[in-house]
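Colleague: Hey, I'm new to this one. Can you pull it up and walk me through it?

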Amino acid sequence: MTQPKKNPSKKKPAGKPPVPDAHESRGAVAVTVVWMLLALSCLAAQLVALATWLVARAAGIPAGRPNALLLVPTTLMMVALLSGVLLLVMTPLAYRVRMSRPPTAVTIAAIMIALAPFITVAVLAAIG
């Protein structure tokens, strides 16, 4: 019996697609995940604080008087400030531990998200 000749032009079917962070260490991936979770939590805290503040203003609650509904945006802005500080600290760390650099657009978005609560607090303090 003769065996059929293998056609060299046929390529082997590709197995699994390559994993994007296959060459990164587990620590680098963990730092990247924490970095992005901080960005998302900072953004979410700001958006929910804004929505709650708008609901309180629409309900006619004056900003100067203590009210339980106004504690929510205040608390969430504090969360946004703290996560923003941590996000700013983690950004250079994410660049240091990774072999491949994060996308520039993602880094710029993360820095803008981290700075937004500081700008908001500064504007609200200037307004009075």
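Modeller: Here is a short chat about the pocket, the core and a few residues. It's a predicted model, so local features need pLDDT of at least 70, side-chain atom pairs count only at pLDDT 80 or more, and totals for chains, interfaces and linings use all residues. Residues are numbered from 1 along each chain as its sequence is written, and side-chain values use heavy atoms, with hydrogens and water left out.

Colleague: Cool. Which residues lie nearest the centre of the largest pocket?

Modeller: W53, P73, T74, M77 and L124, out of 24 lining residues. Helix 1 (26–58), helix 2 (68–97) and helix 3 (104–127) each give two or more residues to that lining. Helices here are DSSP runs of H or I, at least four residues, numbered from the N terminus.

Colleague: And what volume does the largest pocket have?

Modeller: About 680 Å³. A pocket is an open set of points on a 1 Å grid where a 1.4 Å probe fits, with protein on both sides within 12 Å along at least five of seven lines, and lining residues have an atom within 4 Å of a point. The volume is the space filled by probe spheres set on the points.

Colleague: New topic: which residues have the most contacts inside the largest nonpolar core?

Modeller: W35, L87 and M90, in a core of 13 residues. Such a core is a set of buried Ala, Val, Leu, Ile, Met, Phe, Trp, Tyr and Cys residues joined through side-chain atoms within 4.5 Å. Buried means under 20% relative accessible area, exposed over 50%, partly exposed in between (1.4 Å probe, protein chains only). Helix 1 gives the most to this core, six residues.

Colleague: What does W35 touch, skipping neighbours within four places in sequence?

Modeller: Its contacts (heavy atoms within 4.5 Å) include L87, M90, P102 and V106.

Colleague: How many salt bridges are there?

Modeller: One. R98 pairs with E24, with the closest N and O atoms 3.8 Å apart; the rule is a side-chain nitrogen of Lys or Arg within 4 Å of a carboxyl oxygen of Asp or Glu. R98 sits in the loop between helix 2 and helix 3, and E24 in the segment before helix 1, 74 residues apart.

Colleague: Are R98 and E24 buried or exposed?

Modeller: Both R98 and E24 are buried.

Colleague: And why does S83 count as buried?

Modeller: Because its relative accessibility is 6%. S83 is in helix 2, and beyond its neighbours within four places in sequence, S83 is in contact with L38, S41 and C42.
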